Amino acid sequence: MKIHEYQAKKLFKKYGIPIPDGDVASTIDGAKQIANKLSGFPVVLKAQIHAGGRGKGGGVKLATSMDEAVQFADQIIGMALVTDQTRPGGQKVKKILVERGINISEELYLGITLDRSNAKIVVMASKAGGMDIETVAEESPEKIIKVYINPLLGILPFHCRDIAFGLQLPPSVMKSFYEILTNLYRLFVDYDCSLLEINPLVITKEETMIALDAKINFDDNALFRHQEIVDYRDLDEEDPLEVEASKYNLNYINLDGNVGNMVNGAGLAMATMDIIKLAGAEPANFLDVGGGANEEMVEIGLKIILSDKNVKGILINIFGGILRCDVLAKGVVEAARKTGINVPVVVRMEGTNVGEGRRILSESGLNLITAVDLEDAAQRVAKLVKHNKN
């Protein structure tokens, strides 16, 4: 789960991580009041959406006067902000963060995430802060410093030293940096984060360190432990179909293709999407109904797939185990009757009660195509989608 920058900074403040003075507003008058309270210019106005690259899209402005602050607030609030990480039509801005301007001497990058291959937590840092860190990592990987931490031992002083020396920090900010990194690590662990980033973490001309930005992602599977974080969820920032799927514990991710997918198991979903591409089509979604799905979940999953206007065909790929093939077939038939499916549906199923499942499909009187195997299913749906498109 993602949260907004202003919400992440509330957690930073709770953990003693320095942030600029400021507050969030949803109206022009609200932004003006915050600017007045900050008593002096410049102030920074930052669009609050769940995407990076806001500055390049016009969502971050530096105001040197109240007139500029009002003008920029009017421009940003309500705009459809387009960045490399938003949908093509952009994301509507409903809130802005108004903060005191900072005298920046140097910009750094600092992040914490999980390294599953090593079963460790990795701290990443770079002197190339304020830039596209993905580009830096790809084109100049030597500029990224990495320190791996055993989660059973936690962060130790030598970890902080390794990062600080790698960043060539001046002695005047060493102590502040140790405290910031240690507190960030505590925040990361305490709240079951999957990613924590500050870009940039700045050294000011007054020789202090301040987190100018804040990004935190949380492990969805651990949110039951953190109700206050669940309350931060902004459904307006999420795909409506993904929100609907989450209500029924369905794992759904919207993609850009034209073949809707329903599977049971994440690994099977990835393989299904790969083979669809190999067959010459493009997956429109990732939908994992899970091993313990019932008829209702299958029905709801199919309805969600059909809600995507880009879907021109559906591939259902199920290996019957806990989710028996006859249960799947009943759910598909029920959903087809209720929704009036107007796109071709190819079903490939194997496993428990596969014979009964195929019988239910064949006797339904519906236009449901049964495939021999996965390759046959992918080729069939790709051909049908191409025909449907034409």
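Select I360 first, in this predicted model; I360 has its place in helix α12, which covers residues 354-362. Buried or exposed: which word applies to I360? At 12% relative accessibility, I360 counts as buried, because buried means under 20% relative accessible area. Now display the residues around I360. Leaving out residues up to four places away in sequence, I360 touches D326, A329, K330 and V333. Add C325 to the selection: I360 and C325 are 35 residues apart in sequence, and their C-alpha atoms are 9.7 Å apart in space.

**Helices α10 and α11**

Next, select residues 295-306, which form helix α10, and residues 325-339, which form helix α11. The axes of these two helices come within 8 Å and cross at roughly 45°. That angle makes α10 oblique to α11. The crossing in which α10 passes α11 is right-handed. To see where the helices meet, show the side chains on both. On α10 the contact is made by E295, V298, E299, L302, K303 and L306. On α11 it is made by V327, L328, K330, G331, V332, E334, A335, K338 and T339. K330 of α11 may be familiar from the previous stop, as one of the residues that I360 touches.

**The four-stranded sheet**

Move to the open sheet of four strands. Its order is β1-β6-β2-β3, and the pairing is antiparallel. As general background, strands of a sheet pair through backbone hydrogen bonds, either parallel or antiparallel. Which strands stand at the edges? They are β1 (22-25) and β3; each has a single partner strand, so one side of each is left without a neighbour in the sheet. From one strand to the next, the twist averages 20°.

Two helices can be added to this view. Helix α1 (residues 5-14) packs on the sheet and touches β1, β2 and β6. The direction of α1 makes about 50° with that of β6. Helix α2 (residues 28-37) lies across β1 and β6, and runs at about 170° to β1.

**Strand β2**

Within the sheet, select β2, residues 43-47. How many of the five residues of β2 are buried? Five of its five residues are buried, and the strand is described as mostly covered. In general, the side chains of a regular strand alternate between the two faces of the sheet. In β2, V43, L45 and A47 lie on one side and V44 and K46 on the other, and both faces are covered.

Now follow the pairing of β2 on either side. Four bridges join β2 to β3 (residues 60-63), and the two strands run antiparallel. Five bridges join β2 to β6 (residues 96-100), again antiparallel. K46 serves as a useful marker: its bridge partner in β3 is V60, and its bridge partner in β6 is L97. A further pair to select is V43 with its bridge partner in β3, A63.

**R54, in the loop after β2**

Select R54, which lies in the loop between β2 and β3. At 9% relative accessibility, R54 counts as buried. Not counting residues up to four places away in sequence, R54 touches E5, K46, A47, Q48, I49, G59, V60, L81, T83 and D213. Then add R358 to the view. R54 and R358 are 304 residues apart in sequence and 51 Å apart in space, C-alpha to C-alpha.

**The nonpolar cores**

In soluble globular proteins, nonpolar side chains tend to be buried together. The largest nonpolar core here has 45 residues; select F12, F177 and I216, which touch the most other members. Helix α6 (residues 174-190) supplies the largest share of this core, eight residues. Centre the view on F177. Leaving aside neighbours within four places in sequence, F177 is in contact with L110, C160, I163, A164, L167, L169, L201 and M209. Apart from this core lies another, of 34 residues, among them M297, I304, V311 and V327.

**The whole chain**

Finally, zoom out to the whole chain, which has 13 helices and 18 strands. Its C-alpha trace spans about 75 × 50 × 40 Å along the principal axes. Of the 390 residues in the chain, buried residues make up 50%. Among contacts between residues at least 6 apart in sequence, 68% join residues at least 24 apart.

Conventions: Residues are numbered from 1 along each chain as its sequence is written. This is a predicted model: local features need pLDDT of at least 70, side-chain atom pairs count only at pLDDT 80 or more; totals for chains, interfaces and linings use all residues. Side-chain values use heavy atoms; hydrogens and water are left out. Buried means under 20% relative accessible area, exposed over 50%, partly exposed in between (1.4 Å probe, protein chains only). Two strands pair if DSSP finds at least two bridges between them. A nonpolar core is a set of buried Ala, Val, Leu, Ile, Met, Phe, Trp, Tyr and Cys residues joined through side-chain atoms within 4.5 Å. Contact means heavy atoms within 4.5 Å. Axes are lines fitted to C-alpha atoms, for helices over the stretch in contact, and angles run from 0 to 180 degrees between N-to-C directions. Angles under 35 degrees count as roughly parallel, over 145 as roughly antiparallel, 65 to 115 as roughly perpendicular and the rest as oblique. A crossing is left-handed if the near helix is turned anticlockwise from the far one by less than a right angle, and right-handed if clockwise.
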